[in-house]
Amino acid sequence: MVLSKLLVIDGMALLFRHFFATSFRNHFMYNSNNIPTNGIQGTIRHIYKIIEMDKPTNVIVTWDMSSKTVRNEWFSNYKIDRPAPPEELRPQFDYVKEVLAELGFFQIGVTGYEADDIIGTLAKHHDNITIVSGDRDLLQVLAPGVKLWLTKKGYTEYNKYTEERFIEEYGVTPEQFIDVKALMGDSGDGYFGVKGIGEKTALNLIKKHGSIEKLLENLDTCTPSQKRNIENDMEHLLMSQKLARIITDVPFNIEEALTLSPFRYDEKLTMDVLNEHDLTISRKYIERLEL
């Protein structure tokens, strides 16, 4: 199926971003059912603003389904140190999906996989996609026709990456960025790569050798400390390489998702839904957009 333009949104990234942006002083918005809505309000506003800017024909919102995924089966400590979400955020996980469904947005979450994996699967199969997220891990899915907008400030400022910009800026390909991540690790995700190797060193090593496999074949060309650390952390390095790679074959019906995801703006429906859920701030904001 050929799409003219697909917008894929990391829903959890937006929900967390807007919850914490408006709750740092313990100020929360509640609707008439006493449900906090600050994360939901920001997420909905952000989605409509992206649509106004990017003008897609199809929109898919992706979600993480739980804190446990297949990566926890590979490595028990994966994301083990992530703090539990605040009490005021928890009811917004399901509520935002309910509101978005009423607004007509197609959403995907697959148990055992992360939103990144769903996004990577969509990017692998289609080549006219804008991805919106705050997760730099998605830089590895860049390809011809695949753009990544990393959230930067507010609703309109992004670090916009194409494959060409990424290669020019980093000096490696998106595929090689997986090996960079494996070497440097990701403390937020609970895997640590190789001791003593940060992003700059990891980039230099992959630029020089091309891959972890080639690096391991030429360890004698590394400094004594690099060689020693890589040899000592070999098991962790290979696991980090597996964990860093976004899965691109998540089991869901891609054709069905694309069939069900065309964006059609219905002003009356939108305003009725937002009024029903007391999302007044979102309604006033969306009324000003050109959709």
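**Entry 1: the cavity**

I began with the lining of the largest cavity in this predicted model, and by class I found five nonpolar, no polar and seven charged residues there. I then listed the lining itself. The acidic names I noted are Glu114, Asp116, Asp117, Asp137 and Asp189. Arg71 and Arg245 also line the largest cavity. The other lining residues I recorded are Tyr78, Tyr191, Leu243, Ala244 and Ile246. Next I looked up which elements give two or more residues to this lining, and they are α5 (115-125) and α11 (234-244).

I asked how many cavities of 30 Å³ or more the structure holds. The structure holds one. For the largest cavity I noted a volume of about 70 Å³.

**Entry 2: helix α11 and its partner**

Having met α11 at the cavity lining, I looked up how helix α7 (residues 174-184) lies against α11. Their axes come within 8 Å and cross at roughly 135 degrees. That angle makes α7 oblique to α11, because an angle over 145 degrees would be needed for roughly antiparallel. I recorded the crossing of α7 and α11 as right-handed.

**Entry 3: helices α2 and α14**

I turned to a second helix pair. The axes of α2 and α14 come within 9 Å and cross at roughly 15 degrees. I therefore entered α2 as roughly parallel to α14, since angles under 35 degrees count as such. The crossing of α2 and α14 is right-handed.

**Entry 4: positive phi values**

I looked up lysine 55, where phi is near 50 degrees, a positive value in a residue other than glycine. Where does lysine 55 lie? I placed lysine 55 in the loop between α2 (38-54) and β2 (58-62). I then asked whether lysine 55 is buried or exposed. Lysine 55 has a relative accessible area of 56%, and exposed means over 50%, so I entered lysine 55 as exposed.

Aspartate 278 also went into the notebook, with phi near 60 degrees, again a positive value in a residue other than glycine. I located aspartate 278 in the loop between α13 (267-276) and α14 (280-287). The relative accessible area of aspartate 278 is 30%, and I therefore recorded this residue as partly exposed, the class between 20% and 50%.

**Entry 5: cross-reference**

I noted that the loop of lysine 55 follows α2 and that the loop of aspartate 278 precedes α14. These are the two helices I had entered as roughly parallel.

Notes:
Residues numbered from 1 in each chain as written. Predicted model: local features only at pLDDT ≥ 70, side-chain atom pairs only at ≥ 80, totals over all residues. Heavy atoms only, no water. 1 Å grid on protein atoms, 1.4 Å probe; cavity = no way out; pocket = protein on both sides within 12 Å on 5 of 7 lines; lining within 4 Å. Points joined across faces, edges and corners; volume = space filled by probe spheres on them. Helix = DSSP H or I, 4+ residues; strand = E, 2+ residues; numbered from the N terminus. Nonpolar A, V, L, I, M, F, W, Y, C, P; charged D, E, K, R; others polar. Buried < 20%, exposed > 50% of the residue type's maximum accessible area, 1.4 Å probe, protein only. Axes fitted to C-alpha atoms, helices over the stretch in contact; angles between N-to-C directions. Parallel < 35°, antiparallel > 145°, perpendicular 65-115°, else oblique. Left-handed = near helix turned anticlockwise from the far one by under 90°.
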